[in-house]
Each structure stands twice: as structure tokens, then as C-alpha cells.
Amino acid sequence: MSNLTLEGRCKTSADQKSVPIGEIHFYVDGPLHLRLEEAEERLQKTQEPEVMVDVDMDTLNLVLPEGYGPLSDCQMRVYLHYERGQFHLVGHRASDGSLIYSNVVLIDQLIE
């Protein structure tokens with residue numbers, strides 16, 4: 001499937017701006033790709049603003065910049081932009097609950 005390297009950001013509180021943290025690496029396997037596509041189809045049918053997709057941390061092979069892991073939770077946020085499904089990784093740092101997230105990827109750009 002797809003090994004991704006995306007820019008990451010950290011937001012320590014709701015009233016703070018996010019700051020760049022460097023590269024986040026992870027792997028989208030076949031089952032996760034299928035769940036992302038299903039979420040995109042659901043959004044196209046229901047007009048919901050977004051869907052959160054659970055990930056399998058054992059197959060995600062997540063690598064965060066030093067000092068930003070581990071995460072207490074991790075999901076993919078899927079939403080539509082001009083009717084095309086996009087997703088990004090979203091999680092919270094276990095040590096302090098800071099929001100950690102990646103840049104966006106188009107679902108249809110993933111390698112099958």
C-alpha cells in the first residue's frame with residue numbers, strides 16, 4: 001500500500017496556534033485504505049462534515065518526531081473537499097494531551 005511522510009503539527013491547547021514539529025511517517029495498509037474509502041463514500045451520501053476512522057497501531061508503523069510520542073489515541077479524520085475525500089492523522093500526545101496531526105492526503109492518491 002502506501003508509506004507516507006507528512007509534515008506534522010502540535011497544538012498544546014485550544015487557544016494556542018499549532019507549531020510545526022517535523023515529519024510524521026506512517027503506513028496505510030489495505031484494510032485501512034478500504035476504511036478510508038468507505039468513510040469517503042459515507043460522507044458523499046450523508047453530507048456529514050467528517051468521519052473519524054480507527055487505525056490499527058500494530059500495522060500503522062507510526063514514527064513521530066522525537067519528543068512528540070507516544071500517542072494516547074490515534075485516528076484518521078476523513079472529510080470532503082470539492083467532493084474528494086481527504087484524510088489526515090490525528091492523535092493526542094500521551095504525556096500532556098497535546099493535539100498532534102499531519103498534513104492532508106487525498107484518498108484517491110493512495111497506491112493500491
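# Exercises on loops, core and salt bridges

Y82 lies in the loop between strand 4 and strand 5 (84-93), where strands are DSSP runs of E with at least two residues, helices are runs of H or I with at least four, and both are numbered from the N terminus. The model is predicted, so that local features need pLDDT of at least 70 and side-chain atom pairs count only at pLDDT 80 or more, while totals for chains, interfaces and linings use all residues. Residues are numbered from 1 along each chain as its sequence is written, and side-chain values use heavy atoms, with hydrogens and water left out.

**Exercise 1.** Examine the backbone of Y82 and of E83, and decide whether each residue is buried or exposed.

*Solution.* Begin with Y82, whose phi is near 55 degrees, a positive value in a residue other than glycine. Continue with E83, which lies in the loop between strand 4 and strand 5 and has a phi near 65 degrees, again positive in a residue other than glycine. As background, most residues other than glycine have a negative phi, and most peptide bonds are trans. For accessibility, buried means under 20% relative accessible area, exposed means over 50%, and partly exposed lies in between (1.4 Å probe, protein chains only). Y82 counts as exposed because its relative accessibility is 72%, and E83 counts as exposed because its value is 51%.

**Exercise 2.** Find the cis peptide bond at P70 and place that residue in the chain.

*Solution.* The bond in question runs from G69 to P70, and its omega is near -5 degrees. P70 itself lies in the loop between helix 2 (57-60) and strand 4 (71-81).

**Exercise 3.** Describe the largest nonpolar core and the contacts of F87.

*Solution.* A nonpolar core is a set of buried Ala, Val, Leu, Ile, Met, Phe, Trp, Tyr and Cys residues joined through side-chain atoms within 4.5 Å. The largest one has 26 residues, and those with the most contacts inside it are F26, L36, M76 and F87. At least two residues of this core come from each of strand 1 (2-11), strand 2 (19-28), helix 1 (30-46), strand 3 (51-54), strand 4 and strand 5. Now turn to F87, taking contact to mean heavy atoms within 4.5 Å. Once its neighbours within four places in sequence are left aside, the partners of F87 include L4, F26, L36, M76, V105 and L110.

**Exercise 4.** Work through the salt bridges of D108 and R93, giving the partner of each residue.

*Solution.* A salt bridge is a side-chain nitrogen of Lys or Arg within 4 Å of a carboxyl oxygen of Asp or Glu, and by this rule the count comes to 4. D108 pairs with R84, with the closest N and O atoms 2.9 Å apart. This pair links distant parts of the chain, since D108 is in the segment after strand 7 (105-106) and R84 is in strand 5, 24 residues apart. R84 has a relative accessible area of 38% and is therefore partly exposed. R93 pairs with D96, and here too the closest N and O atoms are 2.9 Å apart. R93 counts as buried because its relative accessibility is 11%, whereas D96, at 45%, counts as partly exposed.
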